[in-house]
Amino acid sequence: MSAGGTARARGTVPLTPDASPSWLRPLVDNVSQIPEALRRRLPPDVLEMLSSAKGVAEEREAAVLVLFSGPESGPADAGVPDEADLLLTVRASSLRHHAGQAAFPGGASDPTDDGPVATALREAQEETGIDVNRLHPLVVMERTFIAPSQFEVVPVLAYSPDPGPVAVVNEAETAIVSRVPVRAFINPDNRLMVYRGDLGRRWAGPAFLLNQMLVWGFTGQVISAVLDVAGWAKPWDTSDLRELDDAMTLVGEHGGAR
């Protein structure tokens, strides 16, 4: 990162919702609906368990960057431009936590970070090499408690007409960095539900089977909620329910960039 980029990530970073292109406005204007859309896919017993765990857990702060890129202009009622994409990573298989899992760039807050926006930008730069001066943080979503890792995670929605090059910076932490076409997430053929075999089907959640990755868990839930709230989602087969390990074996066999 350039010196200017470092200063921006470390210092106070203003939110600029007016920098949103028209095709992102439905999401920006209705971002308060994200929490309800997230909870809609979780069974009542899971919601109760998460609430109980949150009350007794030693929570840690974290933030992730939900970065959309695409053209600056275009009618809002025309849907998502074909060029629009979403920045994702796949964590290295050697990591202790969430190994091999697709995720938004992000991580734990640092004492020098001035809030979740600074955390999200700093972590994204460290993981993908992105120039944060090209990005416009738009809005901050409601923090979500992640029980397995005991983190309170704040998703930061951002936009860039051209974020520039991104790549794996540290292979010990990240296996893949990819700007995934938004149309790949919208495509009903790429959607399914996955569950963890050792915990039973009550943990089933929305997932996306792409050609390089299976996007599930918190990241899959956020993307699913984003599609619903923005009005981009198309009807899909929610009865396509697969055990997580079985679904992972399909990665690479599926043309998910359609």
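**Exercise 1. Place strand β9 in its sheet.**

Task: Find the bridge partner of Met 193 in β12, then work outwards to the sheet that holds β9.

Solution. Start from the pairing itself: Met 193 has Leu 241 as its bridge partner in β12. Keep in mind as you go that this is a predicted model. Next, take the two strands as a whole: β9 and β12 are joined by three bridges and run parallel. Now turn to the other neighbour. β10 is antiparallel to β9, with four bridges between them, and here Arg 191 is paired with Phe 208. Put the pieces together and you get an open sheet of four strands, ordered β11-β10-β9-β12, whose pairing is mixed. Finally, look at the ends: β11 (214-215) and β12 each have a single partner strand, so each has one side without a neighbour in the sheet.

**Exercise 2. Check the cover over β9.**

Task: Which residues of β9 lie on one side and which on the other, and are they buried or exposed?

Solution. A general point helps first: side chains in a regular strand alternate between the two faces of the sheet. In β9, one side carries Arg 191, Met 193 and Tyr 195, while Leu 192 and Val 194 are on the other. Every one of these residues is buried, and both faces of the strand are covered. The count agrees: in β9 (residues 191-195), five of the five residues are buried.

**Exercise 3. Classify two aromatic pairs.**

Task: Work out how the rings of Trp 23 and Trp 232 are arranged, then do likewise for Phe 185 and Phe 208.

Solution. Two values are needed, since a pair of aromatic rings is described by the distance of the centres and the angle of the planes. The structure has four aromatic pairs. For Trp 23 and Trp 232, the ring centres are 6.5 Å apart and the planes meet at 40 degrees, so this pair is tilted. In sequence these two residues are 209 residues apart: Trp 23 sits in the loop between α1 (3-10) and α2 (25-29), and Trp 232 in the loop between α7 (217-230) and β12 (241-243). Both Trp 23 and Trp 232 are buried.

For Phe 185 and Phe 208, the centres are 5.3 Å apart and the planes are at 80 degrees; an angle over 60 counts as edge-to-face, so that is the name for this pair. Phe 185 belongs to helix α6 (residues 182-186) and Phe 208 to strand β10 (residues 205-209), 23 residues apart. For burial the cut-off is under 20% relative accessible area. Phe 185 has 1% relative accessibility, so it is buried, and Phe 208, at 0%, is buried too.

One more step: Trp 23 also belongs to an aromatic cluster with Phe 68, Tyr 159 and Trp 232.

**Exercise 4. Map the nonpolar core.**

Task: Which residues touch the most other members of the largest nonpolar core?

Solution. The general tendency is that nonpolar side chains in soluble globular proteins are buried together. Here the largest core has 45 residues, and Phe 68, Phe 185 and Trp 232 touch the most other members. Several elements supply at least two residues each, including α2, β1, α6 and α7. The largest share comes from α7, with eight residues. To see the surroundings of Phe 185, list its contacts beyond four places in sequence: among them are Leu 86, Leu 88, Arg 191, Phe 208, Ile 223 and Leu 227. A separate core has 16 residues, among them Leu 65, Leu 67, Ala 124 and Val 132.

**Exercise 5. Describe Ser 69.**

Task: Where is Ser 69 found, and is this residue buried or exposed?

Solution. Locate it first: Ser 69 is in strand β1 (residues 60-69). Its relative accessible area is 2%, so Ser 69 is buried. Beyond four places in sequence, the residues it touches include Trp 23, Tyr 159, Asp 85 and Arg 179.

**Exercise 6. Decide how far to trust the coordinates.**

Task: What is the mean pLDDT of the chain, and where does pLDDT stay under 50?

Solution. The chain has a mean pLDDT of 84, with 78% of residues at 70 or more. Over residues 1-7 pLDDT stays under 50, and the model has eight contacts there beyond four places in sequence. Predicted coordinates should not be read in detail where pLDDT is low.

How values were computed: Residues numbered from 1 in each chain as written. Heavy atoms only, no water. Phe/Tyr/Trp six-rings, centres within 6.5 Å; stacked < 30°, edge-to-face > 60°. Buried < 20%, exposed > 50% of the residue type's maximum accessible area, 1.4 Å probe, protein only. Pairing = 2+ DSSP bridges. pLDDT = per-residue confidence, 0-100. Contact = heavy atoms within 4.5 Å. Core = buried A, V, L, I, M, F, W, Y, C linked by side-chain atoms within 4.5 Å.
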